[in-house]
Amino acid sequence: MHDIQSLICNALADLAEQALIDAGISALDASHYMGIIRARARNGQTGAAWQRAHANCHGNDHQMMVQGYLDRQEEGQPVYRWTH
């Protein structure tokens, strides 16, 4: 894990989660959403990373990429779980 990933997972996410709770967000919701941020930081999967990986596997088929985005969004999958 890179230094920035470690910083996000081990320090900043905890601070942000507590700040959300302090701002009136339920602890359950804060934990859920910060869990997604932590997972994205751990595996480095962002929308842009997914696009690059998709293009590496499927070439420049942009229609397929957009359809992949739509399918995954409709399924409610967080980006860090997306495969190409």
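This briefing walks through two helices, a salt-bridge network and a few single residues. The model is a predicted one. Helix α3 has buried residues covered by, among others, α2 and α4, and α3 in turn is part of what covers the buried residues of α4. Elsewhere, Asp14, Glu17 and Arg38 are joined in a network of salt bridges. There are zero disulfides to look for.

**Helix α3**

- Helix α3 runs over residues 47-58, twelve residues in total, and its first and last C-alpha atoms are 16 Å apart, close to the 16 Å expected at 1.5 Å a residue.
- Its buried residues are Gly47, Ala49, Trp50, Ala53 and His54. Looking down the axis of α3, you'll find these buried residues within an arc of 155°, so they line one face of the helix.
- Turn to the face of α3 that points away from the buried side and you meet the exposed residues Arg52 and Asn56.
- The cover over the buried residues of α3 includes α2 (27-43) and α4 (62-75).
- Just past the end of α3 sits Gly59, with a positive phi of about 75°.

**His54, on the buried side of α3**

- His54 belongs to helix α3 and has a relative accessible area of 4%, so it's buried, given that the cut-off is under 20%.
- Leaving out residues up to four places away in sequence, His54 touches Gly59, Asp61, Met64, Met65 and His84. One of these, Gly59, is the residue with positive phi just after α3, while Met65 is one of the buried residues of α4.
- His54 and Thr83 are 29 residues apart in sequence, yet their C-alpha atoms are 8.2 Å apart in space.

**Helix α4**

- For α4, the 14 residues should span 20 Å at 1.5 Å a residue, and the end C-alpha atoms are indeed 20 Å apart.
- Met65, Gly68 and Arg72 are the buried residues here. Seen down the axis of α4, they fall within an arc of 55°, so they line one face of the helix.
- Gln63 and Glu74 are exposed on the other side of α4.
- Helix α3 is among the things that cover the buried residues of α4.
- Gly76 comes just after α4 and takes a positive phi of about 80°.

**Arg72, a buried charge without a salt bridge**

- Arg72 lies in helix α4. It's buried but has no salt bridge, and the nearest side chain of opposite charge, that of Asp71, is 5.3 Å away. A salt bridge needs the charged atoms within 4 Å.
- Not counting residues up to four places away in sequence, Arg72 touches Trp50, Gln77, Trp82, Thr83 and His84.
- Of those contacts, Trp50 is one of the buried residues of α3, and His84 is also touched by His54.

**The salt-bridge network**

- Side chains of opposite charge can pair when their charged atoms come close.
- The structure has two salt bridges. Asp14, Glu17 and Arg38 are linked by them into a network.
- In one, the side chains of Arg38 and Asp14 meet at 2.7 Å, N to O. That pair links distant parts of the chain, with Arg38 in helix α2 and Asp14 in helix α1 (residues 3-22), 24 residues apart.
- In the other, Glu17 and Arg38 meet through their side chains at 2.9 Å, N to O. Glu17 is in helix α1 and Arg38 in helix α2, so this pair ties together parts 21 residues apart in sequence.
- How exposed are the partners? Arg38 counts as buried at 14% relative accessibility, and Glu17 counts as buried at 16%. Asp14, on the other hand, is partly exposed, with a relative accessible area of 42%.

**Cysteines**

- A disulfide is a covalent bond between the sulfur atoms of two cysteines. This structure holds zero of them.
- Cys9 counts as buried, at 10% relative accessibility.
- Cys57 is partly exposed, with a relative accessible area of 48%. By its number, Cys57 falls inside α3 (residues 47-58).

Note on methods
Residues numbered from 1 in each chain as written. Predicted model: local features only at pLDDT ≥ 70, side-chain atom pairs only at ≥ 80, totals over all residues. Heavy atoms only, no water. Helix = DSSP H or I, 4+ residues; strand = E, 2+ residues; numbered from the N terminus. Expected span 1.5 Å × (residues − 1). Buried < 20%, exposed > 50% of the residue type's maximum accessible area, 1.4 Å probe, protein only. Arc of directions from axis to C-beta. Contact = heavy atoms within 4.5 Å. Disulfide = S-S within 2.5 Å. Lys, Arg positive; Asp, Glu negative; His and termini not counted.
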